[in-house]
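Here's a protein model to explore from the inside out. Keep the 3D view open and turn it as you read.

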Amino acid sequence: LQLLNLVLIGLLTPESNPRHARLGRKLDLRLANPLGALRLLFGRSARRRAAALTFCLIWLANSCLNALFNNYVNYRFGWGPKQAGPLLVVVGLMLAITPRLLVPRLGLQRSIRLGILVFAAGQLANGLAATPPLFFGAIFLTSIGTVCLPATVAFLANMAAEEERGALLGGLQTLQELCSALALFLYGRLFAFAISERAPVRLPGIPFIAAAGFLVLAFCLFEFTRAGSDDLDRR
């Protein structure tokens, strides 16, 4: 499947970089790899590094649901795939629809700031919801808050020159994979501890509360990032 994906990208996917930005340029192998893309993401300016770390914290918080959802709802509410499946469909639809509705109306910076705060409130509610209806409401709130993810990607892309955006987006993909791997370990360990006899308080939702903490850190970091960046919001 990955080889088929490579063929489709090489032969059918249109080039996103404008023609005038490609004229006279050769492929830079220093950037055309995951480590080079990460250096581009973190190595050019303090503001870009802060924005990249903001995205990293948001994605780490977002990965909590991916890492734990089935085990968490099974333990907390006794749900199996039949009960959990429809909720995941709703989450997917919200992720597809919400950015298209909110980002054009709010702009990038307000979408990121408000999205992070709503996302944090949703993750906190996920961790504290004691009944299925409350959990449904918390998931709905979380889904709205994830508008900050595509908005942060667009904000970072606007920080780069046209010819650097592909490498920068590749760096973000690498960052996503690293955060997802860390999330599986981190949230799994937290959940195991939270439901064990060693936990001083039996609170299965501790991983979601930790995710809300990551989002609070992301909000503080973005406040530094957005200083003097009004022009990026309009590009």
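## Two buried rings, F155 and F222

Start with F155 and F222: both are buried. Keep in mind that this is a predicted model, so everything here is computed from predicted atoms. F155 sits in helix α8 and F222 in helix α10, so to speak two distant parts of the chain, 67 residues apart, linked by this pair. How do the rings of F155 and F222 meet, stacked or edge-to-face? Their centres are 5.2 Å apart and their planes stand at 70 degrees, so the pair counts as edge-to-face.

## More aromatic pairs

A search of the whole structure turns up 11 aromatic pairs. Take F55 and W59: the ring centres are 6.2 Å apart and the planes are at 20 degrees, so this pair is stacked. Both residues belong to helix α4, and because they are four residues apart there, about one helical turn separates them. F55 and W59 are both buried, too.

There's also a cluster to look for. Ring pairs tie together F69, Y72, Y75, F77, W79, F135, F136, F191 and F208.

## The overall picture

Now zoom out. The protein has 11 helices and zero strands, so if you're hunting for strands, you can stop, because none are counted under the helix and strand rules used here. Of its 235 residues, 41% count as buried. The accessible surface comes to about 13000 Å², and 66% of that belongs to carbon and sulfur atoms.

What about contacts along the chain? Among contacts between residues at least 6 apart in sequence, 79% join residues at least 24 apart.

## The nonpolar core

In soluble globular proteins, nonpolar side chains tend to be buried together. Here, the largest nonpolar core has 55 residues, and the ones touching the most other members are L41, I58, V73, I116, F135, L156 and Y187. Helices α3 (34–43), α4, α5, α6, α7, α8, α9 (165–194) and α10 (206–225) each supply at least two residues of this core. Which helix gives the most? That's α4, with 16 residues.

Zoom in on L41 to see what its surroundings look like. Not counting residues up to four places away in sequence, L41 touches R48, R49, A52, L156, L168, G171, L172 and L175.

## A closer look at helix α5

Helix α5 covers residues 81–106, which makes 26 residues. At 1.5 Å a residue it should span 38 Å, and its end C-alpha atoms are 36 Å apart, which agrees. Follow the helix along and you'll find a bend of about 30 degrees at T98, with a proline, P99, following within four residues. Just after α5 comes G107, whose phi is positive, near 85 degrees.

Which residues of α5 are buried? They are A84, L87, V91, M94, T98, P99 and V103. An α-helix has 3.6 residues a turn, so residues three or four places apart point the same way. The cover over the buried residues of α5 includes α4 (46–77), α6 (108–128), α7 (132–145) and α8 (148–159).

## Three residues to find yourself

Try A218 in helix α10. Is A218 buried or exposed? Its relative accessibility is 0%, so A218 counts as buried. Leaving aside neighbours within four places in sequence, A218 is in contact with T54, L57, I58 and I116. A218 and A50 are 168 residues apart along the chain, yet their C-alpha atoms are separated by 9.2 Å.

Next, T174 in helix α9 has 18% relative accessibility, so T174 counts as buried as well. Leaving aside neighbours within four places in sequence, T174 is in contact with P34 and L38. Finally, N66 lies in helix α4, and its 61% relative accessibility is why N66 counts as exposed. N66 and L184 are 118 residues apart in sequence, but 8.4 Å apart in space from C-alpha to C-alpha.

Key: Residues are numbered from 1 along each chain as its sequence is written. This is a predicted model: local features need pLDDT of at least 70, side-chain atom pairs count only at pLDDT 80 or more; totals for chains, interfaces and linings use all residues. Side-chain values use heavy atoms; hydrogens and water are left out. The expected span of a helix is 1.5 Å times one less than its number of residues. The bend at a residue is the angle between axes fitted to the seven residues ending there and the seven starting there. Buried means under 20% relative accessible area, exposed over 50%, partly exposed in between (1.4 Å probe, protein chains only). Contact means heavy atoms within 4.5 Å. A nonpolar core is a set of buried Ala, Val, Leu, Ile, Met, Phe, Trp, Tyr and Cys residues joined through side-chain atoms within 4.5 Å. Rings of Phe, Tyr and Trp (its six-membered ring) pair if their centres lie within 6.5 Å; planes under 30 degrees apart count as stacked, over 60 as edge-to-face and the rest as tilted. Accessible areas come from the Shrake-Rupley method with a 1.4 Å probe; for residues, only the protein chains shown count as cover.
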